[in-house]
Amino acid sequence: MAYNYPPEKLSVYLSDDAGSVLTFYSLWEASHFAKHWIPFCKKYNVEPRSPAAYFSKLCDPHDACSPTEWSSMKNLYEEMANRIDSVVMLGKIPEELGANKGFSEWSSGMTSRNHPPIVQILIDGRDQGLIDSDGNALPTLVYVAREKRPQHHHNFKAGAMNALIRASSEISNSPIILNVDCDMYSNNSESIRHALCFFLDEENGHDIGFVQYPQLFHNITKNDLYDNSVNVITQVDHPGLDSWGGTLYIGTGCFHRRETLSGRKYGKDYKEDWKRGVERKTTSSACMLEERAKSLITCTYEHNTQWGQEIGLKYDCAVEDVITGLLIQCRGWKSVFINLQRKAFLGVAPTTLAESLVQYKRWSEGNFQIVLSKYCPFILGRGKIKLGLQMGYCIYGLWAPNSLPTLYYLVIPSLCLLKGISLFPKITSPWFVPFAYVTIGKHVYGLVESLQCGNTLAGWWNSQRMWILRRTTSFLYGIIATILKLLGISKMGFTITAKVSDGDASKRYEQEVMEFGSSSSMFVIIAAIAMLNLFCLVGGLRKLVVDGGIMGLEPLFIQILLCGLVVAIHLPIYEALFIRKDKGSLPLSVAFLSLGFAMLASLLTIV
């Protein structure tokens, strides 16, 4: 709400899929605090304009304003936060609020999966009586909870977004829509203006369908333990796709033309109606607008319509954002990737290994699902988008099948080493040169690229580890889930990535200690591969020393080197198995299972 943008042109919608009265109460409190916070931000040009981020990170606040005014504003914020925390702990709102407008919408029988549609305009920007503490107009603020019933499929995030598109079309109908995930905050008050520069460009902006900001995080550790920042993808891949017609839609921090989300195809005669968002319906009261919007977000509204297919975000895909962006581009629109020096949005990165792997499992599954469907970029995009952009989509679309060759290289060469079977050329063979050239060249190039993008040397090493762990677990599960869905054995699910961890886990994350702590089948696979390579390395070297001596090293040199690198990259796994005693270590059940699988594979190889 505190963006550096005319408030009469700005409407903010909060989608609460659980339909929680506690969330509505929090937004109600925030709407009152906003009357003091917004003028404070604009008076002193505050950055960032998220009060939680501002008050937690600002080192010397008195450079911006007087100590008294800063302390007073901080006290207002903390009082609001304490009231919200108290209500959440009680699990109910104060009784005196029950009769207030909005709170009466809730009844005792409502649950997160079973509730009617709720639309509440907390601040109506058209109402001249609703002003901030300096007497200026406020942006419109709307709470939206679409109807949910157990007997109706709600289509996850895509369904919530489509409900927001329809509700906002009735209340504000602005030509540009920004969507931001709930765990992210605005870090740059000018990001709206920067995005609009592309849409309003009279020469090249007429065919821009969406402007995408990168998905960045504020809680990345120094060496990026779980490779959450994906700096190379953000700084190389996405900007590179711009020359091929635009980047991917990544689900958050994206400005869309409303028309592109309504299924409109681009034509040279297209001209945006910039006035429709300004000329609001002055004849309709807020109550009338609320009732009309409610009728658009019922469970049955989309029945026998093109919503979720040709209109709005696409349904039946785990990565609804990527496939929606692809469909928009195939309708003739282009996209733009923008990465400002002061980051536009910051979110919360996963702080445990399990959270990170589950997130990549969903992404790899959804992207592979696109490749195997009629929406494959090479099929759908033929003649509609450039070949380079089609290939760019398939980089992510082929994440899941990449698990198979990775598993092969992690298992077969090591087992052959244990057996004494050579799979690669000898060091003295001319064929050793291309192997060495490709391997060294690829990793040196990757290292230089990573360092140029701001990673540390340890961060690059962590990145190599995470890509191996993802390929052997997340991507493997992704390919299995996709195949099962194609065979009709299972249905698509949508796993929400948890972003909250306990205090001890948070401390270990800050110290860059990997967090396990559960008996996940993913951890069994990771530990089994780590133990198998350790057994094979020790057994192979022992066999060489006993049987062949140093002369037997030459034919198996590449396998020894490969197996040694796999062991080195899994050092945190061995620590979690045998050394660490904290709650984040690997449980005994995982240790026994992984040891059993590794020993069985080794014994079968030797026999």
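This is a chat about pockets, helix packing, sheets and backbone details in a predicted model.

Biologist: Before we start, what are the ground rules for this model?
Modeller: The model is predicted, so local features need pLDDT of at least 70 and side-chain atom pairs count only at pLDDT 80 or more, while totals for chains, interfaces and linings use all residues. Residues are numbered from 1 along each chain as its sequence is written, and side-chain values use heavy atoms, with hydrogens and water left out.

Biologist: OK, pockets. What volume does the second largest pocket have?
Modeller: About 1900 Å³. A pocket here is an open set of points on a 1 Å grid over the protein atoms alone, where a 1.4 Å probe fits, with protein on both sides within 12 Å along at least five of seven lines. Points are joined across faces, edges and corners, and the volume is the space filled by probe spheres set on them.

Biologist: Which residues are closest to its centre?
Modeller: Thr439, Lys442, His443, Gln464 and Arg471, out of 44 residues that line the second largest pocket. Lining means having an atom within 4 Å of a point.

Biologist: And which elements give two or more residues to that lining?
Modeller: Those are α6 (231-241), α12 (387-397), α13 (403-419), α14 (432-452), α15 (457-486) and α18 (557-569). The largest share, 12 residues, comes from α14. Helices are DSSP runs of H or I with at least four residues, strands are runs of E with at least two, and numbering goes from the N terminus.

Biologist: How does the lining split by class?
Modeller: 29 nonpolar, 10 polar and 5 charged residues. Ala, Val, Leu, Ile, Met, Phe, Trp, Tyr, Cys and Pro count as nonpolar, Asp, Glu, Lys and Arg as charged, and the others, Gly among them, as polar.

Biologist: Switching to α15, at what angle does α10 pack against it?
Modeller: Helix α10 (residues 353-371) and α15 pack at about 45°, with axes 8 Å apart. Axes are lines fitted to C-alpha atoms over the stretch in contact, and angles run from 0 to 180 degrees between N-to-C directions. The two helices are therefore oblique to each other, a label for angles that are not under 35 degrees (roughly parallel), over 145 (roughly antiparallel) or 65 to 115 (roughly perpendicular).

Biologist: What residues make up that contact?
Modeller: The contact of α10 with α15 has 11 nonpolar, 7 polar and 4 charged.

Biologist: What about α4 and α8, at what angle do they pack?
Modeller: Helix α4 (residues 156-171) and helix α8 (residues 286-295) pack at about 150°, with axes 9 Å apart. That is why α4 and α8 count as roughly antiparallel.

Biologist: Sheets next. What is the strand order in the one with β1?
Modeller: β1-β3-β2, an open sheet with mixed pairing. The edge strands, β1 (11-15) and β2 (118-123), each pair on one side only. Pairing needs at least two DSSP bridges between two strands.

Biologist: How many bridges link β2 and β3?
Modeller: β2 and β3 (residues 140-145) pair in the antiparallel sense over 5 bridges. Isoleucine 121 has valine 142 in β3 as its bridge partner.

Biologist: And the sheet with β5?
Modeller: That open sheet has the order β5-β10-β7, with mixed pairing. β5 (185-186) and β7 (216-217) stand at the edges with a single partner strand each, so one side of each has no neighbour in the sheet.

Biologist: Last topic, backbone oddities. Which peptide bond is cis?
Modeller: The one from glutamate 47 to proline 48, with omega near -10°. Proline 48 is in the loop between α1 (21-44) and α2 (51-57).

Biologist: What phi does asparagine 155 have?
Modeller: A positive one of about 60°, although asparagine 155 is not a glycine. Most residues other than glycine have a negative phi. Asparagine 155 is in the loop between β3 and α4.
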